[in-house]
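Notebook open, coffee poured. I wanted to look at what is tucked away and what pairs up in this one, so I pulled up the model.

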Amino acid sequence: MAPTTVSLRDVTVTRNERNIVDHVSLDFGAGERWAMIGPNGSGKSTILKMASSWMHPTSGRVLVFDRELGQFDVT
C-alpha cells in the first residue's frame, strides 16, 4: 500500500447555501492514478481543487503529507 500524500476528511463545500461537496473522505497515495467521473455539477473539480491545495473546504480537513491545509505554507 502506497503512503498517503493527500487526505480529504469529511470535507464539505457550501456555496449560496447549497452543498457542492457533502461529507467526502478520500485518500490519495503516492504513485496512485485516479479518475473522477460524474455528471456536470457533481463536485469533481471542487474535490480536485481541494486535493491540490487551491481551495479550502467549508468544513472538514485537507491533509497534505499529514499536515493540515491552512496550517503551513504550500509554496
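Started with Thr46. Its relative accessibility is 13%, so I put Thr46 down as buried, the cut-off being under 20%. Note to self: this is a predicted model, so every value here is computed from it.

Where does Thr46 sit? I found Thr46 in helix H1. Then I listed what Thr46 touches, skipping residues up to four places away in sequence: Val13, Ile20, Val21 and Met55.

Next, the rest of H1. Which residues of H1 are buried? I get Thr46, Ile47, Met50 and Ala51. Those four cover an arc of only 135° around the axis, so they are on the same side of H1. That made me recall the textbook point: an α-helix has 3.6 residues a turn, so residues three or four places apart point the same way.

I also checked what covers the buried residues of H1, and the cover includes S1, S2 and strand S3 (59-64). Just past the helix I noted Ser53, which follows H1 and has a positive phi, near 70°.

Core next. The largest nonpolar core has 12 residues. I wrote them down as Val6, Leu8, Val11, Val13, Val21, Phe28, Ile47, Met50, Ala51, Met55, Val62 and Leu69. Strand S1 (4-15), strand S2 (18-29) and helix H1 (44-51) each put at least two residues into this core. Which element gives the most to the core? That is S1, with 4 residues. General background for my own benefit: in soluble globular proteins, nonpolar side chains tend to be buried together.

I picked Val6 from the core for a closer look. Leaving out neighbours within four places in sequence, Val6 is in contact with Leu26, Asp27, Phe28, Ala51 and Leu63.

Last, charges. How many salt bridges does the structure hold? I count 2.

One is Arg9 with Asp27, the closest N and O atoms being 2.5 Å apart. Arg9 is in strand S1 and Asp27 in strand S2, so this pair ties together parts that are 18 residues apart in sequence. Both partners came out partly exposed: Arg9 has a relative accessible area of 31%, and Asp27 has 33%.

I also have Glu68 with Arg61, where the closest N and O atoms are 3.4 Å apart. Glu68 counts as partly exposed at 27% relative accessibility, and Arg61 is partly exposed too, with a relative accessible area of 39%.

Definitions and conventions. Residues are numbered from 1 along each chain as its sequence is written. This is a predicted model: local features need pLDDT of at least 70, side-chain atom pairs count only at pLDDT 80 or more; totals for chains, interfaces and linings use all residues. Side-chain values use heavy atoms; hydrogens and water are left out. A nonpolar core is a set of buried Ala, Val, Leu, Ile, Met, Phe, Trp, Tyr and Cys residues joined through side-chain atoms within 4.5 Å. Buried means under 20% relative accessible area, exposed over 50%, partly exposed in between (1.4 Å probe, protein chains only). Contact means heavy atoms within 4.5 Å. The arc is that of the directions from the helix axis to the C-beta atoms. A salt bridge is a side-chain nitrogen of Lys or Arg within 4 Å of a carboxyl oxygen of Asp or Glu.
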